[in-house]
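Here are some short exercises. Try each one on the structure before you read its solution.

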Amino acid sequence: MSAPDGGIRHYAAGYEILADGHPRWWGQLAVSVGSGVGDPPGDDPQALLQHICALAARRHEATPAQVRLLMLVRL
């Protein structure tokens, strides 16, 4: 099944940021992939997860390893 909008896929993610092994911050973000140069392709699950963790970490000045995804939904 191909994406109806030219390969662009949209996702919603919920996450928390761990500090010293405990959740300290949490949030949600919406991500569109496959829409521009440098975006991970929507058909590469590992690249998608790394991209989402990097975006969440950047929001809280954390490292991607501190991000724990709680949910990921394709819209």
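The expected span of a helix is 1.5 Å times one less than its number of residues. Helices (H or I, at least four residues) and strands (E, at least two) are DSSP runs, numbered from the N terminus. The model is predicted: local features need pLDDT of at least 70, side-chain atom pairs count only at pLDDT 80 or more, and totals for chains, interfaces and linings use all residues. Residues are numbered from 1 along each chain as its sequence is written, and side-chain values use heavy atoms, with hydrogens and water left out.

**Exercise 1. Trace the chain and check the helix.**

Step 1. Count the elements: the protein has one helix and three strands.

Step 2. Put them in sequence order. The pattern is β-β-α-β.

Step 3. Take the helix. α1 has 15 residues, and its first and last C-alpha atoms lie 22 Å apart. That is close to the expected 21 Å.

Step 4. Look just past the helix. Glutamate 61 follows α1 with a positive phi of about 50 degrees.

**Exercise 2. Find what is buried, and what covers the helix.**

Step 1. Set the cut-offs. Buried means under 20% relative accessible area, exposed over 50%, and partly exposed in between (1.4 Å probe, protein chains only).

Step 2. Apply them to the whole protein. Of its 75 residues, 32% are buried.

Step 3. Apply them to α1. Its buried residues are Ala47, Leu48, Ile52, Cys53, Ala56 and Ala57.

Step 4. Look for their cover, using contact (heavy atoms within 4.5 Å). The cover includes β1, β2 and β3 (67–74).

**Exercise 3. Describe the largest nonpolar core.**

Step 1. Start from the general tendency. In soluble globular proteins, nonpolar side chains tend to be buried together.

Step 2. Define the set. A nonpolar core joins buried Ala, Val, Leu, Ile, Met, Phe, Trp, Tyr and Cys residues through side-chain atoms within 4.5 Å.

Step 3. Count it. The largest core has 14 residues, and Tyr15, Leu29, Ile52 and Val67 have the most contacts inside it.

Step 4. Find the suppliers. β1, β2 (22–33) and α1 (45–59) each give at least two residues. α1 gives the most, with five.

Step 5. Zoom in on isoleucine 52. Neighbours within four places in sequence aside, isoleucine 52 contacts Ala13, Leu29, Val31, Leu69 and Leu72.

**Exercise 4. Locate the salt bridge and say what it ties together.**

Step 1. Define it. A salt bridge puts a side-chain nitrogen of Lys or Arg within 4 Å of a carboxyl oxygen of Asp or Glu.

Step 2. Search the whole structure. One salt bridge turns up. Its partners are the side chains of glutamate 16 and arginine 68, at 2.3 Å from N to O.

Step 3. Place the partners. Glutamate 16 lies in strand β1 and arginine 68 in strand β3, so the pair ties together parts that are 52 residues apart in sequence.

Step 4. Compare their exposure. Glutamate 16 is buried, at 12% relative accessible area. Arginine 68 is partly exposed, at 39%.

Step 5. List the surroundings. Beyond neighbours within four places in sequence, the contacts of glutamate 16 include Pro23, Trp25, Trp26, Gln66 and Leu70.

**Exercise 5. Classify isoleucine 8 and find a distant partner in sequence.**

Step 1. Place isoleucine 8: the segment before β1.

Step 2. Read its accessibility. At 26%, isoleucine 8 counts as partly exposed.

Step 3. Take serine 32, 24 residues away along the chain. The C-alpha atoms of isoleucine 8 and serine 32 are 6.5 Å apart.
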